[in-house]
Amino acid sequence: MLEERKKQVLQAIIEEYINTAEPVSSNSLVEGYGLEYSSATIRNEMAELEKMGYLDKPHTSSGRVPSEKGYRFYVDELLKDDNISIEEIKYISDKLETKVNEIEDLTQITANTISEITHYTTVSIGPQVKEQNIEEIKFILLGTKMLMAVILTDNGLIKETIIKFDEDINEKQVETLNYMFNNKLKGKPLSEISGNLEDYLYEEMSYSVKVIKPIIDQIKKVIQQETIHLEGQNKAFELPEFNSLEIAKNFMNVLDTKDLMTDMLNTGFAQDINVYIGDENEKEELKDFSIVTFKHKVGNKDLGTIGIIGPKRMNYSKVISVMKYISKKLNEKN
């Protein structure tokens, strides 16, 4: 563990660097942070922190910048999670009062709110669909060869899809489909929509497999689709780190790669808020960035996951304070 004086100096350096994006000198700490130590003492502490791996010294400057180890210590030991203003609290409260019909809408509103306050890019994905139970499946005839399937889960998630057929279907067949699917699947997890279901329906229904198979295939397809929403992707380019063409191109490639985004959001849920700094990210493409993921819920209902992606010089205190307040407000809705 670090001595108290080293903690104070490290915290001041990190917060100053987050604010200015400029290497931090001992003089700026004496003038701006009211540390009760001389400039010489602070310089000695900075040199010690550098030797211990908490600070780096850019070649072109006499000041210091935080290392990934320094950021990790700050997040784990020094960060204050009450960095949120009265105006921001009111803004969050107003946004979360918006009436929504679907969970995915609330996820998008939450992601947008976080992006607006923190000025970072947010990526959101809905809850893990296969883990949810089916509340109801409703088939609606749209034409002689087309119907709509609406799937409602116990978490309030709604999935809709249009199914087209090679042969005509009628209202009587649709009534039978509604009865048979709900009789077999109500209260069961979405993962039950499998080959066993096909076998069951083929045995129970007297009409063509050409009607049943496209229904099951299309329902499986819509369930497996994971919709990713981005908010504030242009905000990153207001940050000095993104003046680097290499980092900017890497950032855009990350946002364009759906599998990478999905993996990022589905990585490790040991706790509701997870912070990955630079090389702590498993994917090579994410090594230049910090990622904070937030698994948000209402009571026991999983609403999905939101990820904030930004430079390693991220304002972790602001991001985590906003996430914790939003989590509190969402739980009040339960």
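Does Lys-235 count as buried or exposed, and at what relative accessibility? In this predicted model, Lys-235 counts as buried because its relative accessibility is 16%, which falls under the 20% cut-off for that class.

**View 1. The surroundings of Lys-235 in the loop between β7 and α10.** The loop that holds Lys-235 runs between strand β7 (228-231) and helix α10 (245-256). When residues up to four places away in sequence are not counted, Lys-235 touches Ser-115, Glu-116, His-119 and Tyr-120.

**View 2. The crossing of helices α1 and α4.** Two packed helices are described by the angle between their axes and the distance between the axes. For helix α1 (residues 4-20) and helix α4 (residues 68-78), the axes come within 10 Å and cross at roughly 110°; the two helices are therefore roughly perpendicular to each other, since angles of 65 to 115 degrees are placed in that class. On the α1 side the contact involves Lys-7, Leu-10, Gln-11, Ile-14, Glu-15 and Tyr-17, which meet Gly-70, Tyr-71, Phe-73, Tyr-74 and Leu-78 of α4. Sorted by class, the contact of α1 with α4 has seven nonpolar residues, two polar residues and two charged residues.

**View 3. The open sheet β4-β5-β6 and helix α7.** Three strands, in the order β4-β5-β6, form an open sheet in which the pairing is antiparallel. Strands β4 (134-143) and β6 (158-164) are the edge strands, each pairing on one side only. Neighbouring strands of this sheet are turned against each other by 15° on average, with direction ignored. Helix α7 (residues 171-185) packs on the sheet and touches both β4 and β5, and the direction of α7 makes about 165° with that of β4.

**View 4. The pairing of strands β5 and β6.** Strand β5 (residues 146-153) pairs with β6 in the antiparallel sense, over seven bridges. In this view, Leu-152 stands opposite Ile-158 of β6.

**View 5. The whole chain, as context for the close-up views.** The secondary structure of the chain comes to twelve helices and ten strands, and 48% of its 334 residues count as buried. Among contacts in the chain with a separation of 6 or more, 61% are accounted for by residues 24 or more positions apart. The chain exposes about 16,700 Å², of which carbon and sulfur atoms supply 44%.

Key
Residues are numbered from 1 along each chain as its sequence is written. This is a predicted model: local features need pLDDT of at least 70, side-chain atom pairs count only at pLDDT 80 or more; totals for chains, interfaces and linings use all residues. Side-chain values use heavy atoms; hydrogens and water are left out. Axes are lines fitted to C-alpha atoms, for helices over the stretch in contact, and angles run from 0 to 180 degrees between N-to-C directions. Helices (H or I, at least four residues) and strands (E, at least two) are DSSP runs, numbered from the N terminus. Angles under 35 degrees count as roughly parallel, over 145 as roughly antiparallel, 65 to 115 as roughly perpendicular and the rest as oblique. Contact means heavy atoms within 4.5 Å. Ala, Val, Leu, Ile, Met, Phe, Trp, Tyr, Cys and Pro count as nonpolar, Asp, Glu, Lys and Arg as charged, and the others, Gly among them, as polar. Two strands pair if DSSP finds at least two bridges between them. Buried means under 20% relative accessible area, exposed over 50%, partly exposed in between (1.4 Å probe, protein chains only). Accessible areas come from the Shrake-Rupley method with a 1.4 Å probe; for residues, only the protein chains shown count as cover.
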